[in-house]
Amino acid sequence: MEPEYFRDKVIIVTGASSGIGLASARLFGSFGANVVMAARSYEKLLELAPTVNGDPEKVLCVKTDVSVEEDCKNLIEKTVEKFGRIDILVNNAGLSMRAMFKDLDLSVIKRLMDVNFWGTVYCTKFALPYLLVTKGQVVGVISTAGYCALPARTGYSSSKYAIRGFLDTIRIEHLKDGLNVLVF
């Protein structure tokens with residue numbers, strides 16, 4: 001897509017305080033999009049917002065722990081309150097891990113699923129009605145681990161496979177509704 005495509009679009013990016021999320025927010029901002037930055041550290045988001053777009057009216061920062069359903073609902077409500085719509089939801093927030101399953105405390109896998117999988121489910125659920133109106137896009141960032149198993153990445157791969165299955169199903173359910181679902 002041409003950069004012009006993103007001008008004035010309303011784009012939510014979870015996990016926007018670092019890594020892929022921050023880089024994505026900055027890129028969308030450079031294309032003239034209205035960017036909603038979501039992450040657990042509100043202060044960090046506020047600090048980074050000017051690097052996304054110099055116009056403070058085009059950036060909204062929302063403190064969001066994607067593993068908390070109410071936070072995800074609030075993220076969507078705040079976005080619609082400020083911008084009136086949602087065009088793209090980038091489900092990027094996530095945790096990683098490295099450990100052999102035999103050595104792993106099961107609470108680690110639960111936390112990975114809460115953030116990686118349930119965070120995607122919650123944000124998508126609340127954004128979906130708005131995305132259907134705009135014929136928008138849902139994006140899931142799943143990495144290679146969502147396509148092939150990696151050693152010492154049991155929980156991480158499982159959570160990313162789950163996201164892929166969820167979003168592939170959403171795509172099928174809305175084939176005729178104009179919703180675009182991207183998984184990468």
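These legends describe close-up views of a predicted model.

**View 1. The whole chain alternates strands and helices.**
The secondary structure comes to five helices and six strands. Along the sequence the pattern reads β-α-β-α-β-α-β-α-β-α-β. The C-alpha atoms fill a box of roughly 50 × 40 × 30 Å along the principal axes. The radius of gyration is 16 Å, which agrees with the value near 16 Å for a compact globule of 184 residues. Buried residues account for 49% of the 184 residues. Of the contacts between residues at least 6 apart in sequence, 66% join residues at least 24 apart.

**View 2. Strand β2 is covered on both faces.**
Strand β2 spans residues 34–39. Six of its six residues are buried. One side carries Asn34, Val36 and Ala38. The other side carries Val35, Met37 and Ala39. Both sets are buried, so the strand is mostly covered.

**View 3. Strand β2 pairs with β1 and with β3.**
Strand β1 covers residues 10–14 and runs parallel to β2. Five bridges link β1 and β2. Within this pairing, Val10 has Asn34 of β2 as its bridge partner. Strand β3 covers residues 59–63. The pairing of β2 with β3 is also parallel, again over five bridges. Here the bridge partner of Val36 is Leu60 in β3. Asn34 and Val36, which take part in these bridges, lie on one side of β2.

**View 4. Two right-handed β-α-β units share strand β2.**
One unit is built from β1, α1 and β2, and it is right-handed. Helix α1 in this unit spans residues 19–30. The other unit is built from β2, α2 and β3, and it is right-handed too. Helix α2 in this unit spans residues 42–52.

**View 5. Helix α2 has a buried side and an exposed side.**
Leu45, Leu48, Ala49 and Val52 of α2 are buried. Their arc around the axis is only 135°, which means that they sit on the same side of α2. Residues three or four places apart in an α-helix point the same way, because each turn takes 3.6 residues. On the other side of α2, Glu43, Glu47 and Pro50 are exposed. The cover over the buried residues of α2 includes α1, β2 and β3.

**View 6. Ser67 sits in a loop and contacts residues far along the chain, among them Arg111.**
The loop runs between β3 and α3, and α3 spans residues 69–83. Ser67 counts as buried because its relative accessibility is 19%, and the cut-off is under 20%. Beyond its neighbours within four places in sequence, Ser67 is in contact with Arg111, Asp114, Val115 and Tyr122. Arg111 is 44 residues away along the chain. The C-alpha atoms of Ser67 and Arg111 are 8.3 Å apart.

**View 7. The side chain of Ser67 makes polar contacts with Asp65 and Arg111.**
The contact with the side chain of Asp65 has a distance of 2.6 Å. The contact with the side chain of Arg111 has a distance of 3.1 Å. Which residue's side chain meets that of Ser67 at 2.6 Å? That residue is Asp65. Ser67 itself lies in the loop between β3 and α3.

Technical notes
Residues numbered from 1 in each chain as written. Predicted model: local features only at pLDDT ≥ 70, side-chain atom pairs only at ≥ 80, totals over all residues. Heavy atoms only, no water. Buried < 20%, exposed > 50% of the residue type's maximum accessible area, 1.4 Å probe, protein only. Helix = DSSP H or I, 4+ residues; strand = E, 2+ residues; numbered from the N terminus. Arc of directions from axis to C-beta. Contact = heavy atoms within 4.5 Å. Pairing = 2+ DSSP bridges. Right-handed = clockwise from strand over helix to strand, strands pointing away. Polar contact = N/O pair within 3.5 Å; in protein donor to acceptor, adjacent residues only side chain to side chain. Rg over C-alpha atoms; globule rule 2.2 N^0.38 Å.
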